[in-house]
Amino acid sequence: MPYKDSYVARIRTKIGHDFTLIMPTIDVIIENEGKLMLIYNRDFDGWSFPGGYVEPEMAWTENAAREAKEEAGLLVDSADLELIGSVSGPQYLAKYPNGDRAQLFANIFLANKFTAEISEIDESEIDEKKWMTPDEIKQARLTFAGEATYRVYQQFKQTGKTQNIVGVHKID
């Protein structure tokens, strides 16, 4: 959902922009024939995985499926999503171009199938979407959230266990 229509935008109109919000978020890693779907997020000038803030009227997996559609144009059944880890920590912070700050608490989901790929994406924040191999991801400029999410994915693939990562990102 575009930021202007989001729960976070509604909160900010009521409380202002002077402090850091605590925000639950999701990221979705979508696999397809040895490649992963990444999106280019202009707010953070880098590649990441589809994701965003959790809207209150939806469950974690419903939010993840919504973000996969909005940001990557992939239709994912929320029942097919697997929780593979989380990222949080006192320095896992996002600073947006308008100056807003949020401390993120992210759940990371994995989808190894999708029902369709559509061309429409949320162009208000996403410039491009691309299937990438692991070698391409190593060469890509990932956002701080993209780096943390990819680390969760890599560790999950090695261990088969849900990961809990402390994210570090200095924003100033």
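Is Lys138 buried or exposed? Lys138 is exposed, because its relative accessible area is 60%, and the cut-off for exposed is over 50%. Keep in mind as you read that this is a predicted model.

Let's stay with Lys138 for a moment. Its side chain meets that of Asp135 in a salt bridge, with 4.0 Å from N to O. Both residues sit in helix H3, which covers residues 134-139, and they are three residues apart, about one turn of the helix. An α-helix has 3.6 residues a turn, so residues three or four places apart point the same way. Asp135 is exposed too, because its relative accessible area is 55%.

That salt bridge has company, as the structure holds nine of them. Now look at helix H2, residues 60-72, where Glu70 and Arg66 are four residues apart and therefore separated by about one helical turn. These two form a salt bridge, and their closest N and O atoms are 3.3 Å apart. Arg66 also pairs up with Glu67, this time with the closest N and O atoms 3.1 Å apart. Put together, Arg66, Glu67 and Glu70 make a linked network of salt bridges. So where does this network sit, at the surface or inside? Arg66 and Glu67 are both buried, and Glu70 is buried as well.

H2 deserves a closer look as a whole. The helix has 13 residues, and at 1.5 Å a residue it should span 18 Å. Its end C-alpha atoms are 18 Å apart, so the expected span and the model agree. Plenty of H2 is hidden from the outside: its buried residues include Asn63, Ala64, Ala65, Ala68, Glu71 and Ala72. What covers them? The cover includes strands E1, E2 and E4, along with E5 (74-75), E7 (101-111) and E9 (126-132). Just past the end of the helix comes Gly73, which takes a positive phi of about 70°.

Phi turns up again in two loops. Most residues other than glycine have a negative phi. Glu33 goes the other way: it is not a glycine, yet it has a positive phi of about 50°. You'll find Glu33 in the loop between strand E1 (21-32) and strand E2 (35-41). Glu33 counts as exposed because its relative accessibility is 78%. Asp45 also has a positive phi of about 50° without being a glycine, and its place is the loop between E2 and E3. With 41% relative accessibility, Asp45 counts as partly exposed.

Follow the chain a little further and you get to Pro50, in the loop between strand E3 (46-48) and strand E4 (51-53). Is this loop residue buried or exposed? Pro50 counts as buried, because its relative accessibility is 0%. To see what surrounds Pro50, skip its neighbours within four places in sequence and check its contacts: among them are Ile26, Val28, Met37 and Ile39. Pro50 also touches Glu67, Ala68, Glu71 and Ala72, and these four are on the list of buried residues of H2. As for Ala65, its C-alpha atom is 9.5 Å from that of Pro50, although the two are 15 residues apart along the chain.

Another buried residue to find is Gln103, in strand E7. Gln103 counts as buried because its relative accessibility is 15%, while the cut-off for buried is under 20%. Leaving out residues up to four places away in sequence, Gln103 touches Thr20, Leu21, Ile22 and Met23, as well as Gly89, Pro90, Tyr92 and Leu93.

Last stop: the largest pocket, with a volume of about 650 Å³. Its lining is made up of 41 residues, and those nearest the centre are Phe44, Gly52, Tyr53, Tyr96 and Glu125. Which element gives the most to this lining? E1 does, with five residues. Others that each supply at least two residues include helix H1 (7-15), strand E6 (82-95) and helix H4 (144-159). H2 is also one of the elements supplying at least two. By type, the lining divides into 20 nonpolar, nine polar and twelve charged residues.

Note on methods
Residues are numbered from 1 along each chain as its sequence is written. This is a predicted model: local features need pLDDT of at least 70, side-chain atom pairs count only at pLDDT 80 or more; totals for chains, interfaces and linings use all residues. Side-chain values use heavy atoms; hydrogens and water are left out. Buried means under 20% relative accessible area, exposed over 50%, partly exposed in between (1.4 Å probe, protein chains only). Contact means heavy atoms within 4.5 Å. The expected span of a helix is 1.5 Å times one less than its number of residues. On a 1 Å grid over the protein atoms alone, a cavity is a set of points where a 1.4 Å probe fits but cannot get out, and a pocket is an open set with protein on both sides within 12 Å along at least five of seven lines; lining residues have an atom within 4 Å of a point. Grid points are joined across faces, edges and corners, and a volume is the space filled by probe spheres set on the points. Ala, Val, Leu, Ile, Met, Phe, Trp, Tyr, Cys and Pro count as nonpolar, Asp, Glu, Lys and Arg as charged, and the others, Gly among them, as polar.
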